[in-house]
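Dear colleague,

I am passing on the structure below for your records. My findings follow after it.

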Amino acid sequence: MTGAGVPDPRTDAELVAAHVAGDPEAFGEVVRRHRDRLWAVALRTTGDREEAADAVQDALVSALRAADRFRGDSAVTTWLHRIVVNACLDRARRRAVRPTRPLEEETGSGDDGVRTGAALAVVDDATPHVEAQLDVTAALARLPEAQRAALVLVDMYDVPVAEAAQVLGVAVGTVKSRCSRGRVTLAGLLGPGRNP
């Protein structure tokens with residue numbers, strides 16, 4: 001935003017260039033424009049609010065530091081999505097190497113058998129819509145990281161397959177096959193007789 005709440009008229013690419021040239025406000029404007037979608041992609045990719053928040057923070061720090069290497073070969077949004085998805089996948093890989101166990105309170109049941117934390121919120125708001133979202137989120141979490149990232153971008157955020165391929169750094173055919181395999185797995189997890 002420029003003065004008095006007027007939107008900054010510069011394009012994303014112009015803002016990145018201005019940041020590299022020393023404009024202290026330019027990168028903040030890019031973040032303001034795209035933070036909600038970046039957060040949503042991170043949350044769907046990780047399946048965990050804390051991991052998503054950390055991944056977005058890691059990604060924005062990386063983007064801030066690497067802005068001078070942005071060449072404009074793709075849209076700024078594609079570049080940012082790539083950095084966010086990579087940050088999510090990096091965090092997942094580190095977690096797989098060094099698994100952690102959540103605290104008892106965070107898992108939803110204390111010693112007294114009373115549900116607490118996130119589990120309480122789910123019980124309090126257990127509408128069919130919320131239950132369906134939880135089923136999809138749980139099923140997504142069971143997919144391999146590569147399939148999950150492709151499905152989140154293509155099916156949930158309507159990113160064109162070619163752009164998703166750029167974000168993920170793979171061929172278009174690879175994105176298509178990951179989406180196809182992921183959809184088949186999700187159908188099995190969410191269909192009749194499912195076991196999420």
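Please note that this is a predicted model. I begin with helix α3, in which E51, A52, A55, V56, A59, L60, A63 and A66 are buried. They lie on the same side of α3, because the arc they cover around the axis is only 165 degrees. The general background is that an α-helix has 3.6 residues a turn, so residues three or four places apart point the same way. On the face of α3 turned away from the buried side, the exposed residues are E50, Q57 and R65.

The length of α3 is also as expected. The helix comprises 18 residues, 49-66, and at 1.5 Å a residue it should span 26 Å; the C-alpha atoms at its ends are 25 Å apart, which agrees. Its N-terminal end is capped by D48, with a side-chain oxygen 3.1 Å from the backbone nitrogen of E50.

Turning to the packing, the largest nonpolar core has 24 residues, and V16, V76, W79 and L80 are those that touch the most other members. Each of α1 (12-20), α2 (26-46), α3 and α4 (76-97) supplies at least two residues of this core. The largest share, 7 residues, comes from α4. Leaving aside residues up to four places away in sequence, L80 touches V30, H34, L38 and A63. A63 is also among the buried residues of α3.

Apart from this core lies another, of 23 residues, which include A139, L143, A150 and V167.

Yours sincerely

Definitions and conventions:
Residues are numbered from 1 along each chain as its sequence is written. This is a predicted model: local features need pLDDT of at least 70, side-chain atom pairs count only at pLDDT 80 or more; totals for chains, interfaces and linings use all residues. Side-chain values use heavy atoms; hydrogens and water are left out. Helices (H or I, at least four residues) and strands (E, at least two) are DSSP runs, numbered from the N terminus. The expected span of a helix is 1.5 Å times one less than its number of residues. Buried means under 20% relative accessible area, exposed over 50%, partly exposed in between (1.4 Å probe, protein chains only). The arc is that of the directions from the helix axis to the C-beta atoms. A polar contact is a pair of N or O atoms within 3.5 Å; within protein, one must be able to donate a hydrogen and the other to accept it, and residues adjacent in sequence count only if both atoms are side-chain atoms. A nonpolar core is a set of buried Ala, Val, Leu, Ile, Met, Phe, Trp, Tyr and Cys residues joined through side-chain atoms within 4.5 Å. Contact means heavy atoms within 4.5 Å.
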